[in-house]
Amino acid sequence: MPTAMSHEPTVLVIFGGGGDLAWRKLIPALFNLHLDNPLPGHFAIVGVGRKPLDDAGFRNHLRAGVDLFSRRKPANEESWNRFAEHVSYVSDDFSTPASGPALSRKLEELERVWGARANRIFYLAIPPDMVEAAAAQLQRIGVCRDCLRDRLVVEKPFGRNLASARELDRSLTGMFAETQIYRIDHYLGKETVQNILAFRFANSLYEPIWDRRYIDHVQITVAETVGVEERGGYYDQAGALRDMVQNHLLQILCLIAMEPPISFDADEVRNRKVDVLRAIRPIRPDEIHHHAVRGQYGNGTIKEKAVPGYREEAGVATDSPTETFAAFKLFIDNWRWQGVPFYLRTGKRLAAKVSEISILFRPAPHQLFPSAAVENWQPNRLIIRIQPEEGIITRIQAKQPGTRLLLGPVDMEFRYRDAFRSAPPEAYETLLLDVIRGDATLFMRADQVECAWKIVDPVLEAWESVPPGDFPDYAAGSWGPESADLLIARDGHHWLQPIIKTMENV
Ligand code: BG6
């Protein structure tokens, strides 16, 4: 559970203050932090955006978001009013060279009242193609120059490919110190994602069998039921590969595959993750179709409601070649993982919202039970459920009750909700608190981002050069295109249907 805020005076400036991320995620997260520990007096949230709003209008807009999206919604009147006192708005367009004076004045005014130079955090919750210009303008007006106090938070995707990520990095590190730059991947703030480290390295039970000798393959599924909602304009330029695979899925893979760091120091942990990314076998151009497939949803039904296809969504081209689904097969060329396939898949408008990692163990080396007893037999499986119903399940074989010898799978289950009797904090709560405190452990370093682009770049290039001929190729509400089933079936495996509350889907 996040604990106290820093007591140092702090201003959090949110660029894109009137945008979707601030509305759905950032402000609800900050409001929850405030409920847990009321914000210190010397804390201010300043939204910056092009919309012409005054403070009251901005607060009303944010309040509606908190009532819809906060994990403790709706907001209690009194708590909201106390929170809202810390919130103000500056209307400005940071893509223009004339921008900035109003924000500078706001910062000076706050610091004059507080009688101290604050830690200033500039959160760039704006489209990727606007990041560089906004950062340059911040640098020009000189409000983010203190290497120890001032921080810049950059959302993913960081760049559009390896070359542009390097370019953006060169530009940002030319203006700010690397220690000031917080590249956010909100999956790393998720409680269960962090728990992967605790599970692997605070317990001795699994580590001895966490390698190619015992593990047959690994599946990582991040499935969403939502479409692109109001973000069609952004998404159509990004696609599933840039939006999810290059960051969230590869980061999860790193946590599963990394070697134990020698300490929990931010750089130690990040070094071990970079080792994994560097060891991922590059996908050769002539082998791409064996390692990566894409898909795009057509219309269909989700939770008994008809939903439109991707090309019918607002902001999306009617002949869009953008993928809304991607599946990968990757190998990690090191001693621990040689020959063990890691299958990754993610998509929008799939049958269920679920993120989970399945570790499939090798079968017992000798089957001593009669074949009639093992009709329902399955190899051991460990499932790390990131969301919903956060928890860990170990699937073992047990004798079914009765006079007949019959084996079947049963689950040993740990659920966060039951074990701790509280809902885990939202990822953005954890990450915002970390930025405020200046702890970069859960943020991406430039070399991590680069290594991740190196892995997906050949696929991006191939997909961009050969437009898909068969889009849309999966119905909304399904588990994705047939090509994804073939990708894994070629190795004699199949995607495991996530265990959704009951076992009926398995
Ligand atoms: C974001 C993507 O990073 O993650 C979105 O840009 C996606 O497209 C979202 O919907 C999923 O996050 P979560 O926390 O709902 O799994």
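## A walk from two helices to the ligand

H6 and H13 are roughly antiparallel to each other, because their axes cross at roughly 165 degrees, over the 145 that the term calls for. Keep in mind as you look around that this is a predicted model.

**Stop 1: the helix pair.** Select residues 162-175 for helix H6 and residues 446-465 for helix H13. The two axes come within 9 Å. Now turn the view until one helix passes in front of the other: the crossing of H6 over H13 is left-handed.

**Stop 2: the ligand and its shell.** Next, select the ligand and show the residues that surround it: Lys156, His186, Tyr187, Lys190, Glu224, Arg231, Asp243, Met244, His248, Lys348, Lys353 and Gln387. Try colouring this shell by residue class, and you will find 7 charged, 3 polar and 2 nonpolar residues.

**Stop 3: the main helix of the shell.** Which helix gives the most to the shell around the ligand? Select residues 232-257 to see the answer: helix H8, with 3 residues.

**Stop 4: three polar contacts.** Zoom in on the oxygen atoms of the ligand and show these side chains one by one.

- Glu224: a side-chain N or O atom is 2.5 Å from a ligand oxygen.
- Asp243: one of the polar atoms in the side chain lies 2.6 Å from an oxygen of the ligand.
- His186: here a ligand oxygen and a side-chain N or O atom are 2.8 Å apart.

To finish, show the surface of the protein around the ligand. On its own the ligand has 390 Å² of accessible area, and the protein covers 85% of that.

Note on methods
Residues are numbered from 1 along each chain as its sequence is written. This is a predicted model: local features need pLDDT of at least 70, side-chain atom pairs count only at pLDDT 80 or more; totals for chains, interfaces and linings use all residues. Side-chain values use heavy atoms; hydrogens and water are left out. A residue is near a molecule or strand if one of its heavy atoms lies within 4 Å of it. A polar contact is a pair of N or O atoms within 3.5 Å; within protein, one must be able to donate a hydrogen and the other to accept it, and residues adjacent in sequence count only if both atoms are side-chain atoms. Accessible areas come from the Shrake-Rupley method with a 1.4 Å probe; for residues, only the protein chains shown count as cover. Helices (H or I, at least four residues) and strands (E, at least two) are DSSP runs, numbered from the N terminus. Ala, Val, Leu, Ile, Met, Phe, Trp, Tyr, Cys and Pro count as nonpolar, Asp, Glu, Lys and Arg as charged, and the others, Gly among them, as polar. Axes are lines fitted to C-alpha atoms, for helices over the stretch in contact, and angles run from 0 to 180 degrees between N-to-C directions. Angles under 35 degrees count as roughly parallel, over 145 as roughly antiparallel, 65 to 115 as roughly perpendicular and the rest as oblique. A crossing is left-handed if the near helix is turned anticlockwise from the far one by less than a right angle, and right-handed if clockwise.
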